[in-house]
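Trainee: I've got a new model open and I'd like to learn how to read it feature by feature. Can we start with one residue and work outwards?

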Amino acid sequence: MEKTTIYQEIQAAKMANKKLLAILLDPDKIVLESLDSLIVKINQSPATHVFIGGSQVESNILDDLIIRIKQNCVLPIVLFPGHPSQISNHADGILFLSLLSGRNPDYLIEHHIKAAPILKKTQLEIISTGYILIESGCETAVERISQTRPLDRNNPELVLHTAQAGEMLGSQLIYLEAGSGAKQAVPLKMIAFVAKNIQIPLLVGGGIITLEAIEKAYQSGADLVVIGTAFEKDADFFNAQIKL
């Protein structure tokens with residue numbers, strides 16, 4: 001029997017209205033000595049996926065990090081890369097991100113060209129993802145590194161049209177991102193507007209720092225919520241129960 005892919009599982013969850021949750025780990029912020037206790041916290045959480053990556057990963061622990069997580073965690077590990085150097089064949093899949101909200105050709109296609117021959121040599125499941133950065137009240141790492149401006153949080157029509165263009169171009173996922181450490185999360189009305197008008201799964205992340213905010217993102221139409229900073233700051237973030 002053929003194994004179900006990560007993307008097929010995300011699609012099936014969307015059809016069943018089962019909400020998914022990814023914990024995003026930045027290798028630059030991980031202390032390997034405390035990784036075992038962090039993995040315990042992940043296993044105790046309602047997470048369904050582990051995303052690994054960052055806008056600018058400077059450490060060289062990516063392979064070791066993934067190997068050690070896999071030893072004690074059965075969740076799918078998906079790369080969330082900001083650069084072709086952030087590729088590891090030890091992961092299960094990769095979000096092949098195209099920054100649709102920006103006009104920097106490096107993040108629209110150039111980095112993808114550099115990554116293609118590397119990915120061809122791996123067994124990673126490649127998931128094409130339209131990545132849309134939303135204004136969040138401060139300059140985020142994505143904005144700084146990509147040298148692109150986020151889309152206006154008060155212009156949901158432009159955000160929707162960008163998402164629809166990504167869908168028409170063949171993106172398998174749309175990711176609305178406020179950015180790491182964002183002061184404001186993606187507006188709930190914007191999530192709802194986009195969710196109702198695209199057919200592919202919708203991911204939402206950035207600035208989501210409470211369980212209530214996760215629930216509201218789900219209620220607005222997000223199929224998968226990504227949290228990073230909140231979990232980085234408090235590994236006991238999920239001690240309170242949340243229905244998924």
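Mentor: Sure. Take Asp 26, which sits in the loop between β1 and α2 (35-44). Keep in mind that this is a predicted model.

Trainee: Is Asp 26 buried or exposed?

Mentor: Look at the relative accessible area, where under 20% counts as buried. Asp 26 has 14%, so it is buried.

Trainee: Which residues does UniProt list together with Asp 26 as "binding site"?

Mentor: That unreviewed entry gives Asp 26 and Ser 55. They span 30 residues in sequence, yet their C-alpha atoms are no more than 8.8 Å apart, so they gather at one spot. Asp 26 and Ser 55 are also both in the lining of the largest pocket.

Trainee: What else does UniProt list under "binding site"?

Mentor: Another listing from the unreviewed entry runs Tyr 175, Leu 176, Glu 177, Ala 178, Gly 179, Ser 180 and Gly 181, then Gly 206, Gly 207, Gly 228 and Thr 229. From this set, the lining of the largest pocket takes in Tyr 175, Glu 177, Gly 179, Ser 180, Gly 181, Gly 206, Gly 207, Gly 228 and Thr 229.

Trainee: Let's look at Leu 176 from that set. Where is Leu 176 found, and what is it in contact with?

Mentor: Leu 176 belongs to strand β6 (residues 173-177). Its relative accessible area is 0%, so it counts as buried. To read the surroundings, skip the neighbours within four places in sequence: Leu 176 then touches Ile 132, Val 159, Val 186, Ile 191, Val 194, Leu 202, Leu 203, Val 204 and Gly 205.

Trainee: And Gly 206, where does it lie?

Mentor: In the loop between β7 (202-205) and α8 (211-220). Gly 206 is buried too, with a relative accessible area of 12%. Under the same sequence filter, its contacts include Glu 177, Ala 178 and Gly 179, which UniProt lists in that "binding site" set as well. Val 226 is another of the contacts of Gly 206.

Trainee: Now the strands. In what order do they close into a barrel?

Mentor: General idea to begin with: strands of a sheet pair through backbone hydrogen bonds, either parallel or antiparallel. Here eight strands close up in the order β1-β2-β3-β4-β5-β6-β7-β8, with parallel pairing. Ignoring direction, neighbouring strands of this sheet are turned by 30 degrees against each other on average.

Trainee: Over how many bridges do β1 and β8 pair?

Mentor: Four, in the parallel sense, between strand β1 (residues 20-25) and strand β8 (residues 224-227). To find the register, spot Ala 22 opposite Val 226 in β8. Helix α8 packs on the sheet there, touching β1 and β8, and its direction makes about 150 degrees with that of β8.

Trainee: What about β4 and β5? Over how many bridges do they pair?

Mentor: Seven, again in the parallel sense. Leu 97 stands opposite Thr 129 in β5. Seven of the nine residues of β5 are buried, so that strand is largely enclosed by the rest of the structure. Helix α4 (residues 105-120) lies across β4 (93-99) and β5 (125-133), at about 155 degrees to β4.

Trainee: Now helix packing. At what angle do α7 and α8 pack?

Mentor: Check the angle and the axis distance together: about 30 degrees, with the axes 8 Å apart. The crossing of α7 past α8 is right-handed. On the α7 side, the contact uses Leu 188, Ile 191, Ala 192 and Ala 195, and α8 brings Lys 216, Ala 217 and Ser 220.

Trainee: Which residues of α7 are buried, and what covers them?

Mentor: Met 190, Ile 191, Ala 192, Val 194 and Ala 195 are the buried ones in α7 (residues 188-196). Their cover includes α6 (156-169), β6, β7 and α8.

Trainee: Last one, backbone torsions. Which residue has a positive phi although it is not a glycine?

Mentor: Most residues other than glycine have a negative phi, so a positive one deserves a look. Asn 17 has one of about 55 degrees. Asn 17 lies in the loop between α1 (6-15) and β1, and it is exposed, at 56% relative accessible area. Gln 147 also has a positive phi of about 55 degrees. Gln 147 is placed in the loop between α5 (141-146) and α6, and with 64% relative accessibility it counts as exposed.

Note on methods
Residues numbered from 1 in each chain as written. Predicted model: local features only at pLDDT ≥ 70, side-chain atom pairs only at ≥ 80, totals over all residues. Heavy atoms only, no water. UniProt positions renumbered as here; feature names shortened; annotations may be inferred. 1 Å grid on protein atoms, 1.4 Å probe; cavity = no way out; pocket = protein on both sides within 12 Å on 5 of 7 lines; lining within 4 Å. Helix = DSSP H or I, 4+ residues; strand = E, 2+ residues; numbered from the N terminus. Buried < 20%, exposed > 50% of the residue type's maximum accessible area, 1.4 Å probe, protein only. Contact = heavy atoms within 4.5 Å. Pairing = 2+ DSSP bridges. Axes fitted to C-alpha atoms, helices over the stretch in contact; angles between N-to-C directions. Left-handed = near helix turned anticlockwise from the far one by under 90°.
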